[in-house]
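This report describes the architecture of a protein chain from its overall fold down to single residues.

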Amino acid sequence: MNALPSPDVTANTTGPVDAVLVMGVAGCGKTSVGEELARRLGWQFLEGDAFHPPENIAKMSAGIPLEDSDRWGWLDTIAAHIALAREARAPVVVSCSALKRRYRERLGAGGTRVLFVHLHGSRETIHARMALRTGHFMPANLLDSQFAALEPLESGELGIVCDIDATPAEIAARVAALVAPAA
Ligand SMILES: Nc1ncnc2c1ncn2[C@@H]1O[C@H](COP(=O)(O)OP(=O)(O)OP(=O)(O)O)[C@@H](O)[C@H]1O
Ligand SMILES: [Mg+2]
């Protein structure tokens, strides 16, 4: 365990990575924090939702939770982009819910080094933020199933848990300090 840079960020392991993947339940701030983080690091940002096939988006829009069988192809597409980033030596920031350990393992298939950043917050906080958001395909009533599905990072995983009780810019700054420590 490394020294803690702030009380609400806990680091498991650091070192060079091929991708930082911002994870967590719907509405926790993956896109907001991921975009800030990518800007700060000067890395490309990949929106995980953009890789969903139309069938998955139709299901989610209808309030139907995805099955694992819906997810494997989507996760493999994201993993392939991370593998390309490794080949190009151009690490990326990715947003993807990655709620279960087996999904995270699939995302790092092929031995890429993926640092998972779990944005952690209460159901109440996230629900309130989602209620304010418009024009997004994830309805707030899927939040309960998201919390039920969430498997927190385990000790063997390369990961950081980060509280969402700060602005996206502040959260991104904390994560960036771990990913690329000052020389
Ligand atoms: N740290 C934060 N503080 C305050 N508001 C935030 C924070 N992070 C995100 N938000 C707001 O909460 C809402 C959800 O954020 P965002 O879309 O980034 O979440 P997400 O995890 O990408 O959601 P989804 O899983 O649906 O893609 C947005 O309206 C965003 O502006
Ligand atoms: Mg998002």
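The sections below treat the fold, the sheet, the core, the ligand shell and selected loop residues.

This is a predicted model, in which local features need pLDDT of at least 70, side-chain atom pairs count only at pLDDT 80 or more, and totals for chains, interfaces and linings use all residues. Residues are numbered from 1 along each chain as its sequence is written, while chains are lettered from A and ligands numbered from 1 in the order in which they are written.

## Overall fold

The protein contains seven helices and six strands. Here helices (H or I, at least four residues) and strands (E, at least two) are DSSP runs, numbered from the N terminus. Along the sequence these elements follow the pattern β-β-α-β-α-α-β-α-β-α-α-β-α. Of the 183 residues, 34% count as buried. A residue is buried if 20 or more other C-beta atoms lie within 10 Å of its own, exposed if 12 or fewer, and partly exposed in between, with C-beta atoms placed from the backbone. Among contacts between residues at least 6 apart in sequence, 79% join residues at least 24 apart; a contact requires C-beta atoms, placed from the backbone, within 7 Å.

## Strand pairing

Strands are taken to pair if DSSP finds at least two bridges between them. The table lists four such pairs.

| Strands | Sense | Bridges | Opposed residues |
|---|---|---|---|
| β2 (19-23) and β5 (114-120) | parallel | five bridges | Ala-19 and Val-114 |
| β5 and β6 (159-163) | parallel | five bridges | Phe-116 and Gly-159 |
| β2 and β4 (92-95) | parallel | four bridges | Val-22 and Ser-95 |
| β3 (44-47) and β4 | parallel | four bridges | Glu-47 and Ser-95 |

Ser-95 of β4 thus appears opposite Val-22 and also opposite Glu-47.

In a regular strand the side chains alternate between the two faces of the sheet. In β5, Val-114, Phe-116, His-118 and His-120 point one way and Leu-115, Val-117 and Leu-119 the other way, and all are buried. Because seven of its seven residues are buried, β5 is largely enclosed by the rest of the structure. Strand β4 is likewise covered on both faces, with Val-92 and Val-94 buried on one side and Val-93 and Ser-95 buried on the other.

## Nonpolar core and helix α7

In soluble globular proteins, nonpolar side chains tend to be buried together. A nonpolar core is defined as a set of buried Ala, Val, Leu, Ile, Met, Phe, Trp, Tyr and Cys residues joined through C-beta atoms within 7 Å. The largest such core has 43 residues, of which Val-20, Leu-21, Leu-107, Val-117 and Val-175 touch the most other members. Elements giving two or more residues to this core include α1 (30-41), α3 (68-87), α4 (101-107) and the strands β2, β4, β5 and β6. The largest share, six residues, comes from α7.

Not counting residues up to four places away in sequence, Val-117 touches Val-20, Leu-21, Val-22, Met-23, Ile-160, Cys-162 and Val-175. Val-175 is one of the buried residues of α7, together with Ile-171, Ala-172, Arg-174, Ala-176, Leu-178 and Val-179. The 12 residues of helix α7 (residues 168-179) should span 16 Å at 1.5 Å a residue, and the end C-alpha atoms are 16 Å apart, which agrees. The expected span is 1.5 Å times one less than the number of residues.

## Shell around ligand 1

A residue is near a molecule if its C-beta atom, placed from the backbone, lies within 6 Å of it. Of the 20 residues around ligand 1, Gly-29, Lys-30, Thr-31, Ser-32 and Arg-129 come nearest. Helices α1, α5 (123-132) and α7 each supply at least two residues of this shell, and the largest share, three residues, comes from α1.

## Loop residues

Most residues other than glycine have a negative phi, and most peptide bonds are trans. Arg-89, in the loop between α3 and β4, has a positive phi near 50°. This arginine, Arg-89, is exposed, with 8 other C-beta atoms within 10 Å. Ala-98, in the loop between β4 and α4, has a positive phi near 45°. With 30 C-beta neighbours inside 10 Å, Ala-98 counts as buried.

Ala-50 lies in the loop between β3 and α2 (54-61) and counts as exposed, with 9 C-beta neighbours inside 10 Å. Ala-50 and Ile-78 are 28 residues apart in sequence and 9.7 Å apart in space, C-alpha to C-alpha.

Technical notes: Two residues are in contact if their C-beta atoms, placed from the backbone, lie within 7 Å.
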